[in-house]
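Work through the exercises below with the sequence and the model open. Each task is followed by a solution in steps.

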Amino acid sequence: MILIIAEFFFYWVHRFLHTNSTLWKWHSVHHACERLYSINSGRFQALETIIITLFYYLSIVLFQVLDEVVILFYVATLVTGFLEHVNIDYRAGVFNHILNTATLHRWHHSIRVEESSNSFGRVLIIWDIIFSTYYLPKNKEEEIGINNEVKVPNTLMG
């Protein structure tokens, strides 16, 4: 339950990082790579990291979660963060509809705004499905990187 709540906070913070031109300048550091590698999972501007961490772990503080749950939660975010950026072409099948897999996350890193304006989840993809930002085309090649545009039209946040 904590993961679902934390993902809700992360989804909106991450989406806002893409819609606000000032915050996009910070977040674009993460998107500037031309190829996804697991090392990219930790490539963030420092202030952005603080903001994301505060909001993502807010649910843990608010609900005073048990230490064991916090450890499992942290391990899940580390493992999936690593796997969503891995440079391995694998088929995740049904997991593409539950977790933020590398298959989905590659599209989030697309140079094309209409493709990268999707899949804002960190571990789970549930909020993307609910808020219609889930994106997984078939038989299409992605191009990764940035073109210095704000990734999502500001009208989506209204």
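A residue counts as buried when its relative accessible area is under 20%, and as exposed when that area is over 50%. The model is a predicted one.

**Exercise 1. Overall make-up**

Task: State how many helices and strands the protein has, and what share of its residues count as buried.

Solution:
- Step 1. There are eight helices and zero strands, so the pattern along the sequence is α-α-α-α-α-α-α-α.
- Step 2. The protein has 158 residues, and 41% of them count as buried.
- Step 3. Take the contacts with a separation of 6 or more: 68% of them join residues 24 or more positions apart.

**Exercise 2. The largest nonpolar core**

Task: Find which elements give two or more residues to the largest nonpolar core.

Solution:
- Step 1. This core has 14 residues; among those with the most contacts inside it are Ile2, Leu17, Ile52, Tyr56 and Phe73.
- Step 2. The elements that give two or more residues are α1 (2-19) and α3 (46-56).
- Step 3. The most comes from α1, with five residues.

**Exercise 3. How α1 meets α3**

Task: Describe the packing of α1 and α3 by angle and axis distance, then by the residues that make the contact.

Solution:
- Step 1. The two helices pack at an angle of about 150°, and their axes are 8 Å apart. Their crossing is right-handed.
- Step 2. From α1, the contact uses Leu3, Ala6, Glu7, Phe9, Phe10, Val13 and Leu17. From α3, the residues are Glu48, Ile51, Ile52, Phe55 and Tyr56.
- Step 3. Sorted by class, these are ten nonpolar, no polar and two charged residues.
- Step 4. Leaving aside neighbours within four places in sequence, Ile52 is in contact with Phe10, Val13, Leu17 and Arg122.

**Exercise 4. The two sides of α3**

Task: Explain why the buried residues of α3 are on the same side of the helix.

Solution:
- Step 1. The buried residues in α3 are Glu48, Ile52 and Tyr56.
- Step 2. They lie on the same side of α3 because they cover an arc of only 55° around the axis.
- Step 3. An α-helix has 3.6 residues a turn, so residues three or four places apart point the same way.
- Step 4. Ala46 and Leu54, on the other side of α3, are exposed.
- Step 5. The buried residues of α3 pack against α1, α2 (21-31), α4 (58-62) and α5 (67-84).

**Exercise 5. Threonine 77**

Task: Decide whether Thr77 is buried or exposed, and list what Thr77 touches.

Solution:
- Step 1. Thr77 is in helix α5.
- Step 2. Its relative accessible area is 4%, so Thr77 is buried.
- Step 3. Not counting residues up to four places away in sequence, Thr77 touches Tyr56, Tyr57, Arg122 and Val123.

Key. Residues are numbered from 1 along each chain as its sequence is written. This is a predicted model: local features need pLDDT of at least 70, side-chain atom pairs count only at pLDDT 80 or more; totals for chains, interfaces and linings use all residues. Side-chain values use heavy atoms; hydrogens and water are left out. A nonpolar core is a set of buried Ala, Val, Leu, Ile, Met, Phe, Trp, Tyr and Cys residues joined through side-chain atoms within 4.5 Å. Buried means under 20% relative accessible area, exposed over 50%, partly exposed in between (1.4 Å probe, protein chains only). Helices (H or I, at least four residues) and strands (E, at least two) are DSSP runs, numbered from the N terminus. Contact means heavy atoms within 4.5 Å. Axes are lines fitted to C-alpha atoms, for helices over the stretch in contact, and angles run from 0 to 180 degrees between N-to-C directions. A crossing is left-handed if the near helix is turned anticlockwise from the far one by less than a right angle, and right-handed if clockwise. Ala, Val, Leu, Ile, Met, Phe, Trp, Tyr, Cys and Pro count as nonpolar, Asp, Glu, Lys and Arg as charged, and the others, Gly among them, as polar. The arc is that of the directions from the helix axis to the C-beta atoms.
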